[in-house]
Amino acid sequence: MAYVQASTNAGFGLKGRILGLIAAIKTARARRAAFDRAYTELRQLDDRELRDLGLSRSDFVHLAEAEANRIVPL
């Protein structure tokens with residue numbers, strides 16, 4: 001499981017912690033959306049297309065995570 005770490009310029013007070021939490025939530029939601037899009041696209045491939053690409057269905061989670069990391073870096 002990946003963890004999100006966000007940094008802000010608001011400092012370490014309550015306001016800074018709340019802003020950091022909000023930024024972390026936004027980042028996590030964006031990463032999950034990117035993962036879901038990639039996973040859905042991979043699931044639409046048929047067995048022949050997967051063979052042509054040299055992929056198996058067991059690769060889907062890893063590939064979708066890699067795409068989410070590329071689109072929304074930590």
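**How far apart along helix 3 are glutamate 67 and arginine 70, counted in helical turns?** About one turn: the two sit 3 residues apart in helix 3. We'll come back to that pair below. Keep in mind throughout that this is a predicted model.

## The overall layout

The chain has 3 helices and 0 strands, so there's nothing beyond α-α-α to read off in the way of a pattern along the sequence. Helix 1 covers residues 14-43, helix 2 covers residues 47-53, and helix 3 takes in residues 60-71. Of the 74 residues, 18% count as buried.

## The aromatic cluster

There are 2 aromatic pairs in the structure. In one of them, phenylalanine 35 and tyrosine 39 have ring centres 5.8 Å apart and planes at 15°, so this pair is stacked. Both residues belong to helix 1, 4 residues apart, which puts about one helical turn between them. Phenylalanine 35 is buried at 16% relative accessibility, whereas tyrosine 39 is partly exposed at 28%.

Tyrosine 39 also pairs with phenylalanine 60, this time edge-to-face, with 6.1 Å from centre to centre and 85° between the planes. That contact links distant parts of the chain: tyrosine 39 is in helix 1 and phenylalanine 60 is in helix 3, 21 residues apart. Phenylalanine 60 is buried, with just 3% relative accessibility. Put the ring pairs together and you get a cluster of Phe35, Tyr39 and Phe60.

## Salt bridges

The salt bridge count comes to 3. One of them joins arginine 32 and aspartate 36, at 3.2 Å from N to O. These two are 4 residues apart in helix 1, or about one helical turn. Arginine 32 is exposed at 52% relative accessibility, and aspartate 36 is partly exposed at 34%.

Back to helix 3, then. Glutamate 67 and arginine 70 form a salt bridge, with their closest N and O atoms 2.7 Å apart. Glutamate 67 is partly exposed at 26% relative accessibility, while arginine 70 is exposed at 59%.

The bridge between aspartate 47 and arginine 57 has its closest N and O atoms 3.1 Å apart. Aspartate 47 lies in helix 2 and arginine 57 in the loop between helix 2 and helix 3, so this pair ties together parts that are 10 residues apart in sequence. Their C-alpha atoms are separated by 8.8 Å. Both partners are partly exposed: aspartate 47 has a relative accessible area of 48%, and arginine 57 has 40%.

## A buried arginine without a bridge

Arginine 31, in helix 1, is one to look at if you care about charges. The residue is buried yet has no salt bridge, and the nearest side chain of opposite charge, glutamate 65, is 7.6 Å away. A salt bridge needs the nitrogen and the carboxyl oxygen within 4 Å. What the arginine 31 side chain does have is a polar contact with the side chain of asparagine 69, at 2.3 Å.

## A nonpolar patch on the surface

Leu14, Ile18, Leu19 and Ile22 make up a nonpolar surface patch, and together they have about 360 Å² of accessible area. One of these residues, isoleucine 18, lies in helix 1 and is partly exposed, with a relative accessible area of 41%.

How values were computed
Residues are numbered from 1 along each chain as its sequence is written. This is a predicted model: local features need pLDDT of at least 70, side-chain atom pairs count only at pLDDT 80 or more; totals for chains, interfaces and linings use all residues. Side-chain values use heavy atoms; hydrogens and water are left out. Rings of Phe, Tyr and Trp (its six-membered ring) pair if their centres lie within 6.5 Å; planes under 30 degrees apart count as stacked, over 60 as edge-to-face and the rest as tilted. Buried means under 20% relative accessible area, exposed over 50%, partly exposed in between (1.4 Å probe, protein chains only). Patches are made of residues with over 30% relative accessible area and no salt bridge: like charges are joined within 9 Å, nonpolar side chains (Val, Leu, Ile, Met, Phe, Trp, Tyr) within 5 Å. Accessible areas come from the Shrake-Rupley method with a 1.4 Å probe; for residues, only the protein chains shown count as cover. Lys and Arg count as positive and Asp and Glu as negative; His and the chain ends are not counted. A polar contact is a pair of N or O atoms within 3.5 Å; within protein, one must be able to donate a hydrogen and the other to accept it, and residues adjacent in sequence count only if both atoms are side-chain atoms.
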